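User: I've got a small model open and would like to go through it with you. Let's start from one residue and work outwards.

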Amino acid sequence: MRNGPATIRILLVEEGENEVDDLRLAFRQSKLPINIEHSSSPDDALARLQASPASFDIVVGNHRASGSPGIEWIDTLGRSPALPIILL
């Protein structure tokens, strides 16, 4: 039995370091138990999710990520069952 809420495992897909820092700070200030892993590109995020689909609870990403329009990579991610996706 756990003594508190489960850790939320977040895959953050963002290429801008300033944005990554801002998002990490915002999540930290929420005081929720979180673990954030960062991917700097949609291709890297997709590879990580395909290699280990149960490693994350939610994906937070930039809809203007370079190398892949947001809708295309989100469409691919959307094929994962029950994986919430938040686009910024």
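**Around one histidine and its neighbours**

User: In which strand does His38 lie?

Analyst: The run to look at covers residues 34-39; helices (H or I, at least four residues) and strands (E, at least two) are DSSP runs, numbered from the N terminus. Keep in mind that this is a predicted model, where local features need pLDDT of at least 70, side-chain atom pairs count only at pLDDT 80 or more, and totals for chains, interfaces and linings use all residues. Residues are numbered from 1 along each chain as its sequence is written, and side-chain values use heavy atoms, with hydrogens and water left out. The strand that holds His38 is β2.

User: Is His38 buried or partly exposed?

Analyst: The bands are buried under 20% relative accessible area, exposed over 50%, and partly exposed in between (1.4 Å probe, protein chains only). His38 has a relative accessible area of 22%. Because of that value, His38 is partly exposed.

User: How far apart in space are His38 and Arg24, C-alpha to C-alpha?

Analyst: In sequence, 14 residues separate the two. Leaving aside neighbours within four places in sequence, His38 has contacts (heavy atoms within 4.5 Å) with residues including Leu12, Val20 and Arg24. From C-alpha to C-alpha, His38 and Arg24 are separated by 9.8 Å.

User: Two other residues that His38 touches are Asp44 and Arg48. What network do salt bridges that share partners make of Asp44 and Arg48?

Analyst: A salt bridge here is a side-chain nitrogen of Lys or Arg within 4 Å of a carboxyl oxygen of Asp or Glu. Asp44 and Arg48 meet in one at 4.0 Å, N to O; both lie in helix α2, four residues apart, about one turn of the helix. Glu37 and Arg48 meet in another at 2.3 Å, and since Glu37 sits in strand β2 and Arg48 in helix α2, the pair ties together parts that are 11 residues apart in sequence. Shared partners join these into one network of Glu37, Asp44 and Arg48.

User: Which residue forms a salt bridge with Arg9?

Analyst: The structure holds three salt bridges, and in the Arg9 one the closest N and O atoms are 2.8 Å apart. The pair links distant parts of the chain, 48 residues apart: strand β1 and the loop between α2 (42-51) and β3 (58-61). Arg9 counts as partly exposed because its relative accessibility is 30%, while 29% puts its partner in that class too. The partner is Asp57.

User: Which residues form the negative surface patch?

Analyst: Patches are made of residues with over 30% relative accessible area and no salt bridge, with like charges joined within 9 Å and nonpolar side chains (Val, Leu, Ile, Met, Phe, Trp, Tyr) within 5 Å. One member, Glu15, is in the loop between β1 (8-13) and α1 (17-29), and Glu15 is partly exposed because its relative accessible area is 40%. The patch is formed by Glu15, Glu17, Glu19, Asp21 and Asp22.

User: Zooming out, what pattern does the protein follow along the sequence?

Analyst: There are three helices and four strands to place. Among contacts between residues at least 6 apart in sequence, 72% join residues at least 24 apart, and 31% of the 88 residues count as buried. Read along the sequence, the pattern is β-α-β-α-β-α-β.

Terms used. Accessible areas come from the Shrake-Rupley method with a 1.4 Å probe; for residues, only the protein chains shown count as cover. Lys and Arg count as positive and Asp and Glu as negative; His and the chain ends are not counted. The place of a charge is taken as NZ of Lys, CZ of Arg, CG of Asp or CD of Glu.
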